[in-house]
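Colleague: I have the model open beside its sequence and would like to go through it with you. Could you walk me through it piece by piece?

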Amino acid sequence: MLCCCVALCANAYSPSKYATTSKLATGKWVKIAIPENGVYEITEQELKDMGFNNINQVHIYGDGGHMMYEGIDGKAIDDLKQIPSTVLNGKLCFYGKGPVKMSFGTERFTRVINAYSTMGYYFLHDGGSDLPIQSAASNAIDNHAVKYTTSHDYFYHEKELFSFGSSGKDLVGEDITSGASIDFTLPQVASPSLTLLIGAASKVQSGSIALTPTITTAGGTATSTLSNAIVKSASSSYYNACTASGTYTTSDLPTAGKLNVAFSTTGATVSVSKLDYFIFTYKRNNVIGNATDNQMRMAFPMLNVNDCIQLPGATATTQLWNIDNDTSMPINCELVATDSCMQFGLPISGDNSQWVAFDPQGTLKKIAKYEVVNNQNIHGMATPDMVIITNKVLMDQAQRMPTC
């Protein structure tokens, strides 16, 4: 990385690419933390406790907890950016990104976990202009070719407990050397078929091993043949990892069960095996609300502008936000009432779209903590205040960097 930085000195970006003053230089700023993706609320009283007097003048900045772009090519974010927010039912509401980015494609979810943080962070500010949630009008009900009553959802499990090399950013979870069973729940499950994406790692001295997870539910045990689940020994590897996928069909609707994770061996000498993570992708009924955060996430492999999403149990205050694009604001679709249920005619179309439905009349997700931030103007400093760690061979180049 140091060599890359030194090389960039000869091809520096134009000063116009960077802000001359930091967003944090003036005004009141409060840093908030969120543990996961979803729609969050901050009440007027909570804002007053933070030192803000007018909920309508508070705006939200930051990029949350998803891994930031790490390329050294000028595409990285230069300063805090504002995200859209809105006041609903007397609460400041926004879609927040936690430390795990979930993507939907080919009818299954995948994840990218932040290697450096267990929280997502945003900044509240009492200045700037409004950046509200965009609103989009629904299409006429008569034009709806497909009415979706189910959608794709996921159950995700991952623990960062152990490093095989005692260094680096790759961490794994529970020990599965002798097998392990992990509980899962699938709210409003609508189909007995599940897709599993699972990652695991082992230290294998010889032979090979195969990952063999099974599902146990009230209706019995289901098995699946996983692709890419063979972990072979390699003399040049400290440990061996695999990411495998497979489909299960159970004899019942598994609203809850256990994933039993184990390896089968073929002439193998195994020191230790660890689970990395697993994701169940399943179809759920579009029934909004639960006891904890009053919202429902949904994903669809294909939507057209002539389709609609039906939400039994939704009310006139229900919101439906499209959350596909990390760089643009969510889109709130207009609600249309029918004889049987509430439904949303979609103003946009595209493959693999993700949505969240919620009712601000209920309690949404709550922030984990907050702290007041002192004003600072790093962008306005004539000489950056930094510490460079290097070795003697690169010392001359390291000393050149602050003057590049």
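Colleague: Let's start with strand S9, residues 120-125: is it mostly covered or mostly open?

Modeller: Strand S9 is mostly covered, with five of its six residues buried, where buried means under 20% relative accessible area, exposed means over 50% and partly exposed lies in between, for a 1.4 Å probe and protein chains only. Strands here are DSSP runs of E with at least two residues, helices are runs of H or I with at least four, and both are numbered from the N terminus.

Colleague: Before we go on, what should I keep in mind about where these values come from?

Modeller: This is a predicted model, in which local features need pLDDT of at least 70 and side-chain atom pairs count only at pLDDT 80 or more, while totals for chains, interfaces and linings use all residues. Residues are numbered from 1 along each chain as its sequence is written, and side-chain values use heavy atoms, with hydrogens and water left out.

Colleague: OK, back to S9. Which strands pair with it?

Modeller: Strand S1 (residues 29-34) pairs with S9 in the antiparallel sense over six bridges, and strand S3 (residues 59-64) does so, also antiparallel, over four bridges; pairing requires that DSSP finds at least two bridges between the two strands. On the S1 pairing, Ala33 stands opposite Tyr121 in S9, and for Tyr61 the bridge partner in S9 is Phe123.

Colleague: And what's the strand order in the sheet they belong to?

Modeller: The sheet is open and has five strands in the order S4-S3-S9-S1-S28, with antiparallel pairing. Its edge strands are S4 (82-83) and S28 (369-373), each of which pairs on one side only. S3 and S4 are joined by two bridges in the antiparallel sense, and the bridge partner of Ile60 in S4 is Ile83.

Colleague: Changing topic: how many residues does the largest nonpolar core have?

Modeller: That core has 28 residues, and those with the most contacts inside it are Ile198, Leu211, Leu259, Phe278 and Phe280; a nonpolar core is a set of buried Ala, Val, Leu, Ile, Met, Phe, Trp, Tyr and Cys residues joined through side-chain atoms within 4.5 Å. Two or more residues each come from strands S13 (180-185), S14 (193-211), S18 (240-249), S19 (256-261) and S20 (263-285), and S14 gives the largest share, seven residues.

Colleague: Is there another core apart from that one, and what is in it?

Modeller: Another core, of 17 residues, lies apart from the largest one, and Val30, Ile34, Phe94 and Leu124 are among its members.

Colleague: Which residues does Phe280 touch?

Modeller: Leaving out residues up to four places away in sequence, Phe280 touches Asp153, Tyr154, Phe155, Phe184, Leu186, Leu194, Thr195, Leu196, Ile215 and Leu259, with contact meaning heavy atoms within 4.5 Å.

Colleague: Where is Val172, and is it buried or exposed?

Modeller: Val172 is in the loop between S12 and S13, and it is buried, with a relative accessible area of 7%. Its contacts, not counting residues up to four places away in sequence, include Phe162, Phe164, Ala201 and Leu275. Val172 and Ala201 are 29 residues apart in sequence and 7.8 Å apart in space, C-alpha to C-alpha.

Colleague: And Ser163, where does that sit?

Modeller: Ser163 lies in the loop between strand S12 (150-158) and S13; it counts as buried because its relative accessible area is 16%. Outside the residues up to four places away in sequence, Ser163 touches Asp170 and Leu171.

Colleague: Backbone next. What's odd about the phi of Thr106?

Modeller: Thr106 has a positive phi of about 55° although it is not a glycine. Most residues other than glycine have a negative phi. Thr106 is in the loop between strand S7 (100-105) and strand S8 (108-113) and is exposed, with a relative accessible area of 75%. Gln188, also not a glycine, has a positive phi of about 55°; it is in the loop between S13 and S14, and is partly exposed at 35% relative accessible area.

Colleague: Last one: what are the totals for the whole chain?

Modeller: The secondary structure of the protein chain comes to three helices and 28 strands, and of its 404 residues 43% count as buried. Among contacts between residues at least 6 apart in sequence, 82% join residues at least 24 apart.
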